[in-house]
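Trainee: I would like a close look at one part of this model. Please take me through a single residue and then its wider setting.

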Number of protein chains: 2
Amino acid sequence: MTSTALRRPGAPAVHAPITAPHILRRCRRLAAPALTEAIGRLHPWIAEMAGYALGRCEVGGAPADHSQGKGVRQALAVLGAEAVEGPAEAGVPGAVAVELVHTFSLLHDDIMDGDALRRGRLAVWKAYGTGPAVLAGDALFALAVETVALTPQAGGAVRQLTTALGDLVRGQADDLLFADRPWTGPEAVSAGEYETMAERKTGALLGCALALGARLAGAPDGTVAALDRAGRHLGVAFQIADDVLGIWGDPSVTGKPVHGDLRQGKKTLPVLAALAAPRSSELTGLLASAPSLDDTGVGRAAVLVERAGGRTAAVREARRHLVAADTLLAGLPLAPGPAVELRTVLAALADRTI
Amino acid sequence: MTSTALRRPGAPAVHAPITAPHILRRCRRLAAPALTEAIGRLHPWIAEMAGYALGRCEVGGAPADHSQGKGVRQALAVLGAEAVEGPAEAGVPGAVAVELVHTFSLLHDDIMDGDALRRGRLAVWKAYGTGPAVLAGDALFALAVETVALTPQAGGAVRQLTTALGDLVRGQADDLLFADRPWTGPEAVSAGEYETMAERKTGALLGCALALGARLAGAPDGTVAALDRAGRHLGVAFQIADDVLGIWGDPSVTGKPVHGDLRQGKKTLPVLAALAAPRSSELTGLLASAPSLDDTGVGRAAVLVERAGGRTAAVREARRHLVAADTLLAGLPLAPGPAVELRTVLAALADRTI
């Protein structure tokens with residue numbers, strides 16, 4: 001799928017079809033001054049940790065220019081505003097807020113998950129200590145809420161954000177509890193439970209980004225709600241893609257250890273789908289010994305998951321959610337140019353693995 | 001100081017003068033149903049951790065009735081609403097929010113400070129693990145903001161809360177950084193820096209409680225701002241009292257180890273004041289070996305701090321802040337009965353140590 005394929009015949013080419021990296025870069029640049037200003041309001045020590053987490057500095061504060069992530073969430077907020085005929089600037093406070101919430105959740109999730117690496121560098125809790133990383137996350141959380149509370153639409157916009165925050169926490173709680181559930185039997189995690197978790201943990205903030213941008217630009221409630229749902233579908237697709245990368249991704253691209261999720265025994269959709277297929281007893285046996293599986297064991301598990309159709313099933317499910325997101329967007333009276341850009345970004349996010 | 005002494009001659013006895021425990025209990029009971037309802041909206045696992053933190057259940061969820069703390073913050077929110085002629089119920093969402101924020105901050109602070117005990121029981125991170133405690137704190141934080149965002153005054157009320165949250169984090173950052181500062185010399189923590197930290201860490205939320213209650217009851221901005229300042233002064237007094245308890249408090253009352261703050265080498269006002277007095281070299285030497293001081297060492301340090309006048313100076317400074325709070329309250333056109341109750345609570349909080 002390319003952006004050209006997504007443009008419907010007859011739609012005026014208000015914006016020339018451009019690639020997702022261009023769109024993401026434009027949105028990042030638009031939001032960057034406000035993000036920098038917001039971080040500048042933090043306690044200097046917290047601001048340094050935030051800067052480190054965003055790839056802008058090293059431990060100690062020396063400037064750096066590491067990968068800051070693609071900035072998908074901030075782009076969705078800007079595009080959400082533009083898609084409802086608003087100026088891009090209207091979406092900027094939303095972009096800043098969701099980027100801050102995303103950074104906060106990475107800081108705290110890395111502590112909970114025991115992940116020592118993030119984007120190929122030490123996670124904040126490894127670089128600065130657990131306590132400081134907890135505190136920095138709290139500060140970013142508060143700053144995100146404050147950013148939205150300072151907009152003219154404060155009431156509704158804060159409620160939009162807190163709904164997402166509540167879901168984010170519920171999704172993370174589900175995910176942590178999945179670790180103690182068995183791989184098979186009546187207590188096993190179902191695909192449905194997995195998708196609810198993924199919608200909360202990943203979808204809620206993507207939906208919030210789109211919806212918040214549109215709300216700040218004055219969109220009616222129905223449009224805001226539909227954009228929220230579209231973003232949630234995108235989130236499930238995105239989380240599944242992440243799971244696929246977590247097993248088969250190239251560590252030099254993901255910045256995480258090869259087969260990391262299998263090594264940790266994470267309940268991801270490719271594995272759950274493989275276990276639901278016939279003849280999965282060797283896989284079940286192998287997984288039962290995670291997280292103490294050796295390299296050969298995790299390599300073998302990855303092969304078995306793929307052979308049982310787990311990877312294919314996961315990709316199919318991700319595609320289904322992308323189509324659902326696309327259908328929701330197609331049903332809204334969005335500005336044609338921004339709508340094309342929005343769907344270009346969605347397609348590209350999916351394309352990274354599927 | 002008693003509540004009777006605080007009632008000005010000629011003020012109508014709308015509320016009969018009653019004791020602080022009665023007032024606190026009345027406010028706790030008023031807010032309890034809304035607090036229970038709010039916690040009920042959490043993920044069940046998180047709700048259990050919140051219930052444990054609030055003394056309402058044991059690990060595993062069995063009902064319990066441990067000390068829930070005095071509920072000072074929730075009482076201030078209710079009294080703030082009543083003091084500006086509003087119904088107590090108007091302050092309840094504020095009461096719930098500040099109680100949730102307080103619980104969140106205890107959960108996260110105990111992780112940062114490595115405190116294994118809280119009110120004589122295992123801290124949440126010790127009982128449930130660090131990751132779950134981080135997550136439960138995040139959930140309570142989000143719930144607090146949501147509670148305020150659902151009020152009719154959402155915009156201003158959320159800004160009131162986020163200002164306090166920002167200060168709370170700044171104060172905790174200052175406090176953590178104080179640990180690495182020397183006891184003497186140009187890099188030593190000054191009394192002024194200590195008080196700024198205390199106002200942020202403890203005062204901001206007490207001020208927010210009072211101000212939020214008044215704001216939710218429709219008070220004008222000037223009154224709201226003055227109540228915020230009064231609460232901040234109370235907070236500094238409260239933090240100093242806590243420091244005094246942290247050195248000389250009875251462990252069976254505080255639920256914390258005897259001389260705990262000296263053992264950990266915390267930069268508290270009694271110690272800072274003692275070091276500023278002449279002939280403190282023995283104390284300086286002793287403190288330099290914290291946190292590895294033995295029982296004899298911390299006992300000796302406590303004696304030296306008291307002998308150098310550190311305890312007296314701290315109590316005097318706490319009194320000064322209480323008078324400042326009282327003066328601010330006296331300058332506002334508050335409803336006489338609630339104003340008496342408010343000042344009764346303030347006096348009682350101070351009386352616990354000074």
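Mentor: We start with one glycine and then turn to the contact between chains. This is a predicted model: local features need pLDDT of at least 70, side-chain atom pairs count only at pLDDT 80 or more, and totals for chains, interfaces and linings use all residues. Residues are numbered from 1 along each chain as its sequence is written, while chains are lettered from A and ligands numbered from 1 in the order in which they are written.

Find B:G235 in helix α10 of chain B, residues 221–248. Helices are DSSP runs (H or I, at least four residues), numbered from the N terminus. B:G235 counts as buried because 27 other C-beta atoms lie within 10 Å. The cut-offs are 20 or more for buried, 12 or fewer for exposed, and partly exposed in between, with C-beta atoms placed from the backbone.

Now look at its partners. Leaving out residues up to four places away in sequence, B:G235 touches B:A198, B:E199, B:T202, B:G203, B:A204, B:L206 and B:G207. Contact means C-beta atoms, placed from the backbone, within 7 Å. B:G207 is 28 residues from B:G235 in sequence, yet 7.6 Å away in space, C-alpha to C-alpha.

Next, the contact between the chains. Chain B gives 32 residues and chain A gives 32 residues. On the side of chain B, the elements giving two or more residues are α3 (44–53), α5 (92–113), α7 (130–149) and α8 (154–178). Of these, α8(B) gives the most, with 13 residues.

Terms used. Contact = placed C-beta atoms within 7 Å.
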